[in-house]
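Colleague: Pick one part of this model and take me through it closely, then follow it into its surroundings. Keep it relaxed, but give me the numbers.

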Amino acid sequence: MESSVEQLTLVKHKIGAAEREANRPDGSATLVAVSKTFDAEHIRPVIEAGQRAFGENRVQEAQGKWPELKAEFPDIELHLIGPLQSNKAKEAVALFDVIETVDREKIAAELAKEIERQGRSPKLYVQVNTGSEPQKAGIEPREAMAFVKRCREVHHLAIEGLMCIPPADENPGPHFALLEKLAREAGLEKLSMGMSGDYELAVAFGATSVRVGSAIFGSR
């Protein structure tokens, strides 16, 4: 079985090839290595191989391993890519550098309060439920523009981009295209889309970051 470092190299190579295929500059799509459920010892070789952006699903799990790793490697950028509960906003603002799952008014209000209180400003993305799946987090596509506007004007949040997780059983292409269109209309430059099975396609549709876990670390 190939090591996580070998897998990391392969994924980066494929991202580079996808960028060139789409006539995009090298390095225009950032790899976020999804390290959820893996402990610090599994993650460390990937950090030592030069990877600096990582994604975690749960605030509590991330608190157990990342403060120590971030103290050792201060240039790490940690992304929250799982649903955020409002009672975890304080911990999320303290630990994460990017929060990709802003999707409702209550979260926006709590984040605004904590950002002001802590004087720490993580980059923020609005999560869009492109497939309108009832069980999935994210704002409905038709409400995304108005929500971004409220985040900016009511809560004074600097929204940087949009994020989506397409339905597992559908072609992700139309979902990536929809997210790109919404971002353009909202004047947002960042697009977090694409995972282990479809990150190359996401790069073709303009992803500025892709979230890849199992293709690097193996199955959980």
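Modeller: Let's start at Gly-119, which comes right after α5 and has a positive phi, near 65 degrees. Keep in mind that this is a predicted model. The helix before that glycine, α5, covers residues 105-118, 14 residues in total. From first C-alpha to last, α5 reaches 20 Å, close to the 20 Å expected at 1.5 Å a residue. Its buried residues are Ile-107, Ala-108, Leu-111, Ala-112, Glu-114 and Ile-115. So what do those buried residues of α5 pack against? Two helices and two strands: α4 and α6, plus β4 and β5 (123-127).

Take α6 next, as one of those partners. Helix α6 runs over residues 141-153 and holds both Lys-149 and Glu-153, 4 residues apart, about one turn of the helix. The two form a salt bridge, with their closest N and O atoms 3.5 Å apart. Lys-149 is partly exposed at 48% relative accessibility, while Glu-153 counts as exposed because its 51% is over the 50% cut-off.

The other helix on the list, α4, leads to a different sort of pair. Lys-70 and Asp-97 make a salt bridge through their side chains, 2.9 Å from N to O. That one links distant parts of the chain: Lys-70 belongs to helix α3, and Asp-97 sits in the loop between α4 (89-95) and β4 (98-102), 27 residues away. Lys-70 counts as buried because its relative accessible area of 16% is under the 20% cut-off.

Stay on α3 (59-72). Glu-72 in this helix joins Arg-44 in a salt bridge of 2.7 Å, N to O. Here too distant parts of the chain are linked, with Arg-44 in helix α2 (residues 40-48), 28 residues from Glu-72. Glu-72 is partly exposed at 43%, whereas Arg-44 is buried at 16% relative accessibility. There is a third member as well: Glu-41, Arg-44 and Glu-72 are linked in a network of salt bridges. As a general point, side chains of opposite charge can pair when their charged atoms come close. The count for the model comes to 18 salt bridges.

Go past the end of α3 and you're in the loop that leads to β3 (77-80), which is where Asp-75 is found. The side chain of Asp-75 makes a polar contact of 2.9 Å with that of Arg-52. Those two residues are 23 apart along the chain, with C-alpha atoms separated by 6.9 Å.

From there, have a look at strand β2 (residues 53-56). Ala-53 and Gly-55 point one way and Phe-54 and Glu-56 the other, yet all are buried. Strand β2 pairs with β1 in the parallel sense over 2 bridges, and Ala-33 stands opposite Phe-54.

After β1 (30-34), in the loop that leads to α2, you reach Lys-36. Ser-35 is in that loop too. Ser-35 counts as buried at 0% relative accessibility, and its side chain makes a polar contact of 2.8 Å with that of Glu-56. Setting aside residues up to four places away in sequence, Ser-35 touches a list that includes Phe-54, Gly-55, Glu-56, Trp-66 and Phe-217.

Is Lys-36 buried, exposed or partly exposed? Partly exposed, at 25% relative accessible area. Beyond its neighbours within four places in sequence, Lys-36 is in contact with Gly-55, Glu-56, Asn-57, Glu-61, Lys-65 and Arg-220. In UniProt, an unreviewed entry annotates Lys-36 as "modified residue: N6-(pyridoxal phosphate)lysine". A further annotation from an unreviewed entry, "domain: Alanine racemase N-terminal", covers residues 12-219. That span is 44% helix and 17% strand, and its end C-alpha atoms lie 19 Å apart.

Conventions: Residues numbered from 1 in each chain as written. Predicted model: local features only at pLDDT ≥ 70, side-chain atom pairs only at ≥ 80, totals over all residues. Heavy atoms only, no water. Polar contact = N/O pair within 3.5 Å; in protein donor to acceptor, adjacent residues only side chain to side chain. Salt bridge = Lys/Arg side-chain N within 4 Å of Asp/Glu carboxyl O. Buried < 20%, exposed > 50% of the residue type's maximum accessible area, 1.4 Å probe, protein only. Expected span 1.5 Å × (residues − 1). Contact = heavy atoms within 4.5 Å. UniProt positions renumbered as here; feature names shortened; annotations may be inferred. Pairing = 2+ DSSP bridges.
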